[in-house]
Structure formats: C-alpha cells, structure tokens
Amino acid sequence: MLKHYIIIFLISMLPLVELRGALPYSVVFGLDLVPSYIICIIGNMIPVPFIFFFARRILEWGADKKYIGKFFRLCLEKGHRGGEKLQAKAGRGLFVALLIFVGIPLPGTGAWTGTLAASILDMDFKTSVIAVMLGVLLAGIIMALASAGLLGGISALLS
C-alpha cells in the first residue's frame with residue numbers, strides 16, 4: 001500500500017503526467033481518494049520553485065548544445081507559446097489565466113508548463129506559485145471526480 005502512495009507521489013512530480021496521471025493510478029490500485037489527492041498535490045507542487053528559478057536558465061543554457069539543444073529549444077518554445085497565449089487572453093488578469101491554464105487537466109497545461117510560462121513572463125514568484133497551486137487544486141478536483149466516475153455518472157444523467 002505504501003509503495004503505491006510513493007509511486008503516485010513520484011508520478012505527480014513528472015512533467016506532462018503530473019497529478020493528471022497519478023490520481024487515476026491511485027483509483028486503479030484502490031487507494032483512498034483523499035490521501036491520494038493530498039499526496040498528488042504535494043508531489044505536483046514540489047518541482048514548482050525549482051522550475052520557476054532554474055528551468056528557464058537551464059533551458060537557455062542548453063538550447064545551443066549539440067545533443068540536448070533540440071529538446072531544450074522545444075521546451076523553451078512551449079513555455080514561450082504558453083506564456084504568450086496566457087498574456088494575450090489575460091491582459092491584466094494574468095493570475096486568473098494562469099490558474100485556469102494549470103487547472104484544466106489537458107495535456108501540456110500543468111504546473112510544469114504553467115510555472116515555466118510564469119517564469120518566462122517574469123511574473124513574481126509568490127503570485128505565480130499561488131496561481132499554480134490553485135490550478136493544481138482545481139485540476140486535482142476535476143481528476144478526482146473523473147477518476148471516481150462521478151463525471152461519467154453526471155453526464156449519463158444529463159443525456
């Protein structure tokens with residue numbers, strides 16, 4: 001049992017998969033939803049400060065390197081595109097836009113991309129971490145409901 005909690009914690013820290021993949025995993029293995037939700041949120045948020053302060057610098061450093069340059073440029077471009085989309089749609093409401101961007105559980109819209117976009121947009125650390133945290137909480141609620149089958153049940157009732 002503890003092994004599965006450790007696994008969802010580690011999955012939550014992975015880019016692209018994050019909490020969106022860890023919560024369904026917890027349901028498949030019969031873990032309690034509330035502790036799984038809390039563990040996944042903690043796991044998803046641990047990389048955020050490191051991404052904010054170091055990812056942009058590391059990606060810019062590695063963008064011109066022979067073997068890693070292509071991947072690093074891809075990550076930078078994804079962060080730039082995400083940041084530009086956020087800024088274009090949000091204007092002054094960048095906090096809410098970042099929260100929604102991270103909170104809607106679609107591929108490529110999680111805490112990693114949101115934090116990188118916030119870093120590229122030069123948002124202040126506190127504001128971006130709060131927006132990302134609220135977005136992760138929202139994504140967690142959506143994924144918990146979906147994983148528990150509640151969203152399918154509601155859509156079946158409404159059809």
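Me: Before charges come up, which side chains count as positive and which as negative?
Reply: Lys and Arg count as positive, Asp and Glu as negative; His and the chain ends are left out. This is a predicted model.

Me: How many of each, then, and how far apart are the centres of the two sets?
Reply: The protein chain carries 14 positive and 8 negative side chains. The centres of the two sets lie 4 Å apart.

Me: Now the fold. How many helices and strands?
Reply: There are 9 helices and 0 strands. From the N terminus on, the elements read α-α-α-α-α-α-α-α-α.

Me: Why call it as compact as a globular protein of that length?
Reply: The radius of gyration is 16 Å, and the globule rule gives 15 Å for 159 residues. Those values are close, so the chain is as compact as a globular protein of that length. Along its principal axes, the C-alpha trace spans about 50 × 35 × 30 Å.

Me: What share of the residues is buried?
Reply: Of the 159 residues, 43% count as buried. The accessible surface comes to about 9000 Å², with 73% of it belonging to carbon and sulfur atoms.

Me: And what share of the contacts with a separation of 6 or more is between residues 24 or more positions apart?
Reply: That share is 68%.

Me: On to the largest nonpolar core. Which members touch the most others?
Reply: Leu19, Leu23, Met45, Leu86, Leu98, Val132 and Val136, out of 32 residues in that core. Helices α1 (2–13), α2 (18–28), α3 (33–45), α4 (48–62), α5 (69–90), α6 (94–103), α7 (111–120) and α8 (125–147) each supply at least two of its residues.

Me: Which helix gives the largest share?
Reply: α8, with 7 residues.

Me: Is there another core, or where does the rest sit? What residues are in it?
Reply: Another core, of 9 residues, lies apart from the largest one. Among its members are Leu59, Cys75, Leu116 and Ile120.

Me: Back to Leu19. Which helix, and buried or exposed?
Reply: Leu19 lies in helix α2. Its relative accessibility is 0%, and buried means under 20%, so Leu19 counts as buried.

Me: What does leucine 19 touch, not counting residues up to four places away?
Reply: Ser12, Pro24, Cys40, Ile41, Asn44, Val136, Ala139, Gly140 and Met143. Asn44 is 25 residues from Leu19 along the chain, yet their C-alpha atoms are separated by 6.1 Å.

Me: Leaving aside neighbours within four places, what is leucine 98 in contact with?
Reply: Leu98 contacts Leu86, Gly114, Ala118, Met123, Ser128, Ala131 and Val132.

Conventions: Residues numbered from 1 in each chain as written. Predicted model: local features only at pLDDT ≥ 70, side-chain atom pairs only at ≥ 80, totals over all residues. Heavy atoms only, no water. Core = buried A, V, L, I, M, F, W, Y, C linked by side-chain atoms within 4.5 Å. Buried < 20%, exposed > 50% of the residue type's maximum accessible area, 1.4 Å probe, protein only. Helix = DSSP H or I, 4+ residues; strand = E, 2+ residues; numbered from the N terminus. Contact = heavy atoms within 4.5 Å. Rg over C-alpha atoms; globule rule 2.2 N^0.38 Å. Areas by Shrake-Rupley, 256 points an atom, 1.4 Å probe, with all protein chains shown as cover. Charge placed at Lys NZ, Arg CZ, Asp CG, Glu CD.
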